[in-house]
Amino acid sequence: MTKNITILSWLNEVRSLVKPDKVVWIDGSEEQIEELRKEAVATGEMIKLNEKLLPDCYLHRTKPNDVARVEDRTFICSRSKENAGPTNNWCDPKEMYTKLYDIARGSYKGRTMYIIPYSMGPIGSPIAKAGIEVTDSIYVVLNMCIMTRVGKKVLDVLGDSNDWVRGLHCKCDVDPEKRYICHFPEDNAIISVNSAYGGNVLLGKKCFALRIASYQGWKEGWMAEHMLILGLENPQGKITYVAAAFPSACGKTNLAMLIPPKYLKEKGYKVWTVGDDIAWMKIGPDGRLYAINPENGFFGVAPGTNEKSNFNALESTKRGAIFTNVCHNLENDTVWWEGLDKNPPTFAVDWKGYPWNPSMFNKADKTTYAAHPNSRFTAPAKNCPCVSSEFDKGEGVPISAIIFGGRRAKCAPLVYQSRDWEHGVFVGSTMASETTAAAAGAVGVVRRDPMAMLPFCGYNMGDYFQHWLDMGKRLGDKAPKIFNVNWFRTDDDGNFIWPGYGENARVLNWIVDRCEGKADAELTAIGYIPRPEDIDLTDLDIDLDTLKGLLSVDKAVWTKEADEIVVHYEKFGDKLPKELKEQLAILKKNLAALPD
Ligand code: GTP
Ligand code: SPV
Ligand code: MN
């Protein structure tokens with residue numbers, strides 16, 4: 001498929017290390033994909049679903065010990081420890097290569113080595129980059145064929161260039177004790193062993209498009225971010241693009257595909273999806289920030305996805321999709337998950353492969369759920385009814401606003417705008433959110449997750465903050481405006497106060513209007529906050545007082561927040577940009593001036 005010496009010699013090395021029985025190049029053709037599906041069904045790796053109801057759709061179950069990203073086993077192996085920084089696990093690259101090669105050696109015995117040439121971004125786009133993933137898992141191949149652009153064209157565009165990312169995945173025995181997800185930013189290389197789940201093994205996604213690409217963006221003057229990209233079309237047909245960074249399982253896919261409430265839809269408002277998880281952003285010829293989605297599909301959280309919460313995502317899963325760790329509905333050979341509808345199947349198999357029926361379900365006990373809380377669908381972007389016409393264009397879309405957000409039961413108001421770019425970088429760098437099932441470990445614990453990149457920044461996060469500040473200087477008055485949102489404030493009983501989902505369009509509208517200088521706001525201690533009457537509540541069962549509560553800034557809560565930020569910032573030592581220290585001082589001063 002290629003004469004590129006750098007690729008061929010790497011493949012030779014890999015091959016003599018892993019010792020496969022067979023080698024297969026993936027060309028991404030329908031015929032080849034169909035053949036692999038058949039093989040996976042024959043071995044039991046995948047289950048074919050109802051061809052009428054879910055054409056070309058398959059179900060896969062991972063091992064119960066392998067259901068999410070593993071942050072404690074994810075490493076940034078830069079030559080110097082300082083370059084990995086205080087927020088990453090680090091290991092000396094030599095030592096790690098030795099350990100990984102020992103695990104990988106001979107591990108493809110009796111297996112096939114699949115070689116996947118793929119592009120992150122539309123092939124040929126000036127923002128796109130190429131990678132090669134070697135894997136011994138058909139599940140990985142089929143997912144990569146949905147999530148990225150695969151095949152010979154990628155190699156043709158690459159030519160004899162050495163600018164491609166080496167990705168080696170070895171499933172091994174899926175032994176959690178020997179599981180490692182390792183990145184070598186200086187070598188353009190990724191090695192992942194002993195997992196077969198999502199973000200650990202679809203190496204184009206978090207490993208390349210965020211960890212390696214963030215490092216590349218730092219060196220080359222662009223940005224790789226954990227952000228959705230959407231276009232909000234107004235009744236005049238003007239589309240304004242925004243990018244939003246929320247931590248894993250905090251609402252990116254949902255916001256990216258939202259359907260505005262009836263009163264806005266009738267006026268002519270519409271959302272177009274460019275991306276739901278990752279944005280690569282470069283300064284364009286006109287000096288604005290342009291974003292592409294490097295992916296070609298959605299790897300979305302299944303539970304909670306339904307016709308009402310995310311119609312467009314659900315539609316996207318109805319053809320050519322792969323479901324991972326959801327419930328198998330044996331009544332009609334389809335799938336089910338908690339929150340899909342109120343009719344759980346009475347004859348079903350749960351995500352672990354055991355018989356399941358609704359009488360076994362206990363809301364308080366997640367082990368009784370039919371689908372794993374981090375069960376996912378892999379769906380082609382082209383299936384999405386609201387996919388943007390810009391999706392396949394390589395130039396990217398101009399970003400007017402950047403939105404940060406997370407799960408905060410208290411503290412952060414529904415929405416606020418930063419005073420300027422520097423303050424916006426402060427807001428992003430101090431973001432916090434309750435942890436979710438997207439990563440192994442405790443759920444619901446508040447942690448600082450700067451720019452939603454804590455698990456994904458491939459270099460020292462202090463340098464990353466400085467890179468953000470530098471980008472702002474280059475963008476000058478063309479820089480996107482920066483906002484923060486929180487859909488997850490709860491009342492005293494722990495219920496979400498804001499209805500969320502499609503209703504978030506009301507907040508998006510205020511954000512876009514602010515970018516155009518059309519909406520009002522009040523300058524508070526933490527930034528610009530809409531006055532309650534600035535958020536349209538038409539047809540909504542929420543009164544102005546409740547909204548006032550959602551927009552309030554509590555002095556005591558925020559003073560505690562500022563104290564926690566002091567501790568958070570201490571981690572970065574000398575690497576913490578002075579601009580951010582100054583922003584913290586401003587916040588403290590503003591809070592001190594508030595009446596008790
Ligand atoms: P990753 O794919 O892990 O990066 O997640 P994501 O950020 O794309 O999150 P996603 O949109 O899949 O949402 C995750 C969970 O949050 C789902 O269970 C949703 O139902 C829920 N969720 C999304 N948006 C909202 C919202 O506006 N309000 C509330 N209450 N829940 C939401
Ligand atoms: C996330 O955890 O942010 C995801 C899913 O988008 S994974 O691909 O597993 O990283
Ligand atoms: Mn994500």
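Okay, let's start with a contact: one oxygen atom of ligand 1 sits 3.0 Å from an N or O atom in the side chain of Arg407. Keep in mind that this is a predicted model.

Two other side chains do something of the kind. Asn504 has a side-chain N or O atom 3.0 Å from an oxygen atom of ligand 1, and Arg376 puts a polar side-chain atom 2.7 Å from a ligand 1 oxygen. As for cover, on its own ligand 1 has 660 Å² of accessible area, and the protein covers 92% of that.

So who else is around it? There are 21 residues around ligand 1, and the ones that come nearest are Ala249, Lys252, Asn254, Arg376 and Tyr501. If you sort that shell by class, you get 10 nonpolar, 7 polar and 4 charged residues.

Which helix gives the most to this shell? That's helix 9, with 3 residues. Helix 9 is residues 252-256, and strand 18, residues 297-301, also supplies at least two. On the domain level, domain 2 (225-294 + 392-592) and domain 3 (297-383) each put in at least three residues.

Right, on to ligand 2. Around this one you'll find Arg69, Gly199, Lys205, Lys206, His226, Ser248, Asp277, Phe299, Arg376, Ala438 and Phe456. You'll have spotted Arg376 there, which we just met beside ligand 1. By class, the ligand 2 shell has 3 nonpolar, 3 polar and 5 charged residues.

Now the contacts. The side chain of Lys206 has an N or O atom 2.5 Å from an oxygen atom of ligand 2. With Gly199 it's the backbone: an N or O atom there is 2.9 Å from a ligand 2 oxygen. For the side chain of Asp277, the distance to an oxygen of the ligand is 3.4 Å. And the protein covers 98% of the 290 Å² of accessible area that ligand 2 has on its own.

Why do we say ligand 2 lies between two domains? Because domain 1 (5-43 + 70-221) and domain 2 (225-294 + 392-592) both give residues to its shell.

Last stop, the metal. Which residues coordinate the manganese ion, ligand 3? Lys206 through NZ, His226 through NE2 and Asp277 through OD, at 2.1 to 2.5 Å. Those three names should ring a bell, as they're also around ligand 2. Along the chain, the donors of the manganese ion are spaced K-x19-H-x50-D. Lys206 is in helix 8, residues 204-220, while His226, 20 residues apart from Lys206, is in the loop between strand 12 (223-225) and strand 13 (227-233).

And the geometry, for anyone wondering: the manganese site has 6 donor atoms, with angles of 65 to 175° among them, and comes out as irregular. For reference, six ideal octahedral donors would give angles of 90 or 180 degrees.

How values were computed: Residues numbered from 1 in each chain as written. Chains lettered and ligands numbered in written order. Predicted model: local features only at pLDDT ≥ 70, side-chain atom pairs only at ≥ 80, totals over all residues. Heavy atoms only, no water. Near = heavy atom within 4 Å. Polar contact = N/O pair within 3.5 Å; in protein donor to acceptor, adjacent residues only side chain to side chain. Areas by Shrake-Rupley, 256 points an atom, 1.4 Å probe, with all protein chains shown as cover. Helix = DSSP H or I, 4+ residues; strand = E, 2+ residues; numbered from the N terminus. Nonpolar A, V, L, I, M, F, W, Y, C, P; charged D, E, K, R; others polar. Domains from an automatic or database assignment. Donors = N, O, S within 2.8 Å, 3.2 Å for Na, K, Ca; no water. Tetrahedral: all angles 85-135°; square planar, octahedral: opposite > 155°, others 65-115°.
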